[in-house]
Amino acid sequence: MNNQPLFPTLGPLTNKLGGLILLGIFLVPWIAHAQSTQEQLSDTFRKQIAPWIEQNCTSCHNEENRESGIRVDNLDDSLPDSSIRLWQAILDQVSEGKMPPEDQPQPTPEQRRAFTQWLTDALHAAQTRPTPRNGSMRR
């Protein structure tokens with residue numbers, strides 16, 4: 001293993017600073033991409049997904065009429081950890097064609113695909129986001 005400093009003529013402090021700069025060069029674009037992805041998911045939710053849920057789901061799954069004990073009128077694009085299992089179940093039901101029920105108006109195949117693609121992307125983003133820590137360590 002080569003223990004040569006990154007910038008040998010600049011000394012140890014500058015070498016560490018150079019390493020931080022290199023880390024920043026790679027980390028900043030990744031963070032910016034994650035933020036832009038979340039912004040895109042939120043924008044798509046407001047423009048396409050929330051209206052889709054309103055049209056296809058909320059008549060049966062709302063505060064007053066919780067068909068099968070499910071309520072979707074209160075879901076939003078933040079996908080908190082507490083709602084991930086519900087969102088995953090919704091994805092499964094919609095992608096398998098079980099929801100909306102056969103006796104209800106059906107979305108077009110393109111609308112269904114757009115919904116399931118958004119939800120797949122949103123679930124991936126939610127499941128891979130950094131988890132806040134409280135700072136305590138278990139010994």
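Let me begin with a term: a residue counts as buried when its relative accessible area is under 20%, as exposed when over 50%, and as partly exposed in between. Arg71, at 22% relative accessibility, therefore counts as partly exposed. I shall return to this residue shortly. Please keep in mind throughout that we are looking at a predicted model.

Let me turn to the overall architecture. The protein chain contains 3 helices and 0 strands, and its pattern along the sequence reads α-α-α. Of the 139 residues in the chain, 23% are buried. The chain exposes about 10,600 Å², with carbon and sulfur atoms supplying 55% of that area. Among contacts with a separation of 6 or more, 52% are between residues 24 or more positions apart.

What holds the most contacts inside the largest nonpolar core? That core has 20 residues, and those with the most contacts inside it are Ile53, Leu79, Trp87, Ile90, Phe115, Trp118 and Leu119. Two or more residues come from each of α1 (12-56), α2 (84-95) and α3 (109-128). The largest share, 6 residues, is that of α3.

Leu79 merits a closer look within this core. Leaving aside neighbours within four places in sequence, Leu79 is in contact with Ile84, Trp87, Trp118, Leu119, Ala122, Leu123, Ala126 and Arg129.

Next, the loop between α1 and α2, where Asn62 lies. Is Asn62 buried or exposed? With a relative accessible area of 17%, Asn62 is buried, because the limit for that class is 20%. Its side chain reaches the backbone oxygen of Thr58 at 2.7 Å. A polar atom of the Asn62 side chain also lies 2.7 Å from the backbone nitrogen of Asn65. Beyond four places in sequence, Asn62 touches Ile70, Arg71 and Asp73. For Asp73, the separation from Asn62 is 11 residues in sequence and 5.3 Å in space, C-alpha to C-alpha.

That brings us back to Arg71, one of the residues touched by Asn62. The side chains of Arg71 and Glu63 meet in a salt bridge, at 3.9 Å from N to O. The two partners fall into separate classes of accessibility: Arg71 is partly exposed at 22%, whereas Glu63 is exposed at 52%.

How many salt bridges does a search of the whole structure find? The search returns 7, and I shall discuss two others here.

In helix α3, Arg113 pairs with Glu110, the closest N and O atoms being 2.9 Å apart. Why are these partners separated by about one helical turn? They are 3 residues apart in helix α3, which means about one turn between them. Arg113 counts as partly exposed at 43% relative accessibility, and Glu110 likewise counts as partly exposed at 47%. Elsewhere, salt bridges that share partners join Asp43, Arg46 and Lys47 into one network.

Within that network, Asp43 forms a salt bridge with Arg46, and their closest N and O atoms are 3.4 Å apart. Both residues lie in helix α1, 3 residues apart, about one turn of the helix. Asp43 is partly exposed, at 26% relative accessibility, while Arg46 is exposed, at 55%.

To conclude, the model shows three helices in the pattern α-α-α, a largest nonpolar core of 20 residues, and a buried Asn62 in the loop between α1 and α2. Thank you.

Note on methods. Residues are numbered from 1 along each chain as its sequence is written. This is a predicted model: local features need pLDDT of at least 70, side-chain atom pairs count only at pLDDT 80 or more; totals for chains, interfaces and linings use all residues. Side-chain values use heavy atoms; hydrogens and water are left out. A nonpolar core is a set of buried Ala, Val, Leu, Ile, Met, Phe, Trp, Tyr and Cys residues joined through side-chain atoms within 4.5 Å. Buried means under 20% relative accessible area, exposed over 50%, partly exposed in between (1.4 Å probe, protein chains only). Helices (H or I, at least four residues) and strands (E, at least two) are DSSP runs, numbered from the N terminus. Contact means heavy atoms within 4.5 Å. A salt bridge is a side-chain nitrogen of Lys or Arg within 4 Å of a carboxyl oxygen of Asp or Glu. Accessible areas come from the Shrake-Rupley method with a 1.4 Å probe; for residues, only the protein chains shown count as cover. A polar contact is a pair of N or O atoms within 3.5 Å; within protein, one must be able to donate a hydrogen and the other to accept it, and residues adjacent in sequence count only if both atoms are side-chain atoms.
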